[in-house]
Amino acid sequence: MRQLIVFLSSTVDDLKHVRDEIDEALTHFGMQVWRSDKHNFPVKKGLSSHEACLDAVRNSDVLVTLIGTRYGAPSDADGKSITWCEYEAARGAGVYPVVLIREDVNELASKVSERRAALKRRSKGITEAELDKKLLKLFPDVKPYVQNLPAQERFIDAVRMGHADNWVELKWSGTTGHAVQYIISKLTHLLISLKEEAALSAEAGDAQRLLLDLFASLHDEIVAGRSIQSALDRVLESCVEDKDVLFGFRPDDRYNFMLYRLDGDTLVPVARRSHPDIPVKNRSWKVGEAHVGKAIGQATPLVTPYLPGIFWTTTADSAQDESDRRNYVSAVSIPLENPDGKPAGVFIVTSSRRDHFHSAAQPEALICASFGRILGVLSRVEAQ
């Protein structure tokens, strides 16, 4: 079994002692620790020391970043420190970040941030570099342990705000024991989540294979004379049975799976399975009307995280409108085509949860697309 690779990132002069102890503790737990100041650091031919660090970060499993009172030497045109660049390289490569900021440094950064904001208000158009120089007069270096606090404040703000995975230990005491406890805690949660994802992935794979097997058998039965409607209903029933694993539905979500056929300029319902609390209306929609009507003219699936905010059609029935807003909150509509490439219908999956479906690239939306195409193929099969 491969060792977990942890890249330990920080300035060295002020944190060498704690770096050594964290390295020793993580190695004891069976992890491989990479540090730019150690002999086991992977170096590739033709790379500068800066590039070698970034390359190693991208090939790690976990980045542990320790932030103290030293910023370090600027390493690029933007003036970012090597520690900052390593953090950005890790995020760009999907490496799991574990960040600890010493409590006193975080408090200092807050004070620097307040002064920065005040200077900005008084000096319109001033650059961050110019602000750093002014702030250095208020928060001067104290060699060898305090260096460039204004730039360090900008790094801290970049780490802890404005993006996903920005969980940071802001009250690190600076001790090895506190750091190791936090790191192991984060890695434990990571490993648990990875195991859960692997289990769900395997379960979803099994469910998809069963549905594909069902599709193959139904296809043969339709060709042999079985009802197409019965086959479509069977597929939707299977989707409902595995809705949590395949489509990410939670126990309290209200689901709706529906297949429409294009008849002239109208999308007519063909097959449906929905949550028992959703009133069954089986409405038809004109091309261009509602979510399915918008999707029919698209070349790719239409995914909407919040239907009331974008696609909504009011009726003369206020009770129906209120029901729609409760039950149809996010949606994926899959446009279907005839063999000649002309629009044929739409398969739509809706959820009562906002942002349940939020991207055409998310696994749940891709599965919707797969089974929409399966339903499209089944609905075109003619009995022989």
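1. The largest nonpolar core of this predicted model comprises 31 residues, and the members with the most contacts inside it are Phe247, Phe257 and Phe347. At least two residues of this core are supplied by each of α7 (176-223), α8 (228-241), α9 (243-247), β6 (255-263), β10 (330-337), β11 (343-351) and α13 (363-380). Of these elements, α13 gives the largest share, namely eight residues.

2. Phe347 deserves a separate look. Setting aside residues up to four places away in sequence, Phe347 touches Leu236, Phe257, Met258, Leu259, Val332, Ser333, Ile334, Leu336, Cys368, Phe371, Gly372 and Leu375. Apart from the largest core lies another one, of 27 residues, which includes Phe7, Ala52, Leu54 and Tyr71. As a general background to both, nonpolar side chains tend to be buried together in soluble globular proteins.

3. Thr350, a residue of strand β11, has a relative accessibility of 3% and therefore counts as buried, the cut-off being under 20%. When neighbours within four places in sequence are left aside, the contacts of Thr350 are with Phe249, Arg254, Tyr255, Asn256, Tyr328, Ser330, Ala331 and Phe357.

4. The model also contains an open sheet of five strands, arranged in the order β2-β1-β3-β4-β5 with parallel pairing. Because β2 (32-34) and β5 (168-172) stand at the edges and each has a single partner strand, one side of each is left without a neighbour in the sheet. From one strand to the next, the twist averages 20 degrees.

5. At one end of that order, strand β4 (residues 96-102) and β5 run parallel and are joined by three bridges; within β5, Trp172 is the bridge partner of Arg102. Helix α1 (residues 16-28) packs on the sheet, where α1 touches β1 (5-9), β2, β3 (62-67) and β5, and the direction of α1 makes about 170 degrees with that of β1. Helix α4 (residues 103-122) likewise packs on the sheet, touching β4 and β5, and the direction of α4 makes about 80 degrees with that of β4.

6. Helix α4 also packs against helix α6 (residues 149-160), at an angle of about 100 degrees and with the axes 9 Å apart. The two helices are therefore roughly perpendicular to each other, a description that covers angles of 65 to 115 degrees. On the α4 side, the residues that meet α6 are Val105, Asn106, Leu108, Ala109, Val112, Ser113 and Arg116, and their counterparts in α6 are Leu149, Pro150, Glu153, Arg154, Ile156, Asp157 and Arg160. The residues of this contact divide into seven nonpolar, two polar and five charged, and the charged ones should not be overlooked when the contact is described.

7. Ile184, which lies in helix α7, offers an example of a contact made across the sequence. The C-alpha atoms of Ile184 and Phe29 are separated by 9.1 Å, although the two residues are 155 residues apart along the chain. Leaving aside neighbours within four places in sequence, Ile184 is in contact with Leu26, Phe29 and Met31.

8. For the chain as a whole, there are 13 helices and eleven strands. Of its 384 residues, 46% count as buried. Among contacts between residues at least 6 apart in sequence, 64% join residues that are at least 24 apart.

Note on methods: Residues numbered from 1 in each chain as written. Predicted model: local features only at pLDDT ≥ 70, side-chain atom pairs only at ≥ 80, totals over all residues. Heavy atoms only, no water. Pairing = 2+ DSSP bridges. Helix = DSSP H or I, 4+ residues; strand = E, 2+ residues; numbered from the N terminus. Axes fitted to C-alpha atoms, helices over the stretch in contact; angles between N-to-C directions. Contact = heavy atoms within 4.5 Å. Core = buried A, V, L, I, M, F, W, Y, C linked by side-chain atoms within 4.5 Å. Buried < 20%, exposed > 50% of the residue type's maximum accessible area, 1.4 Å probe, protein only. Parallel < 35°, antiparallel > 145°, perpendicular 65-115°, else oblique. Nonpolar A, V, L, I, M, F, W, Y, C, P; charged D, E, K, R; others polar.
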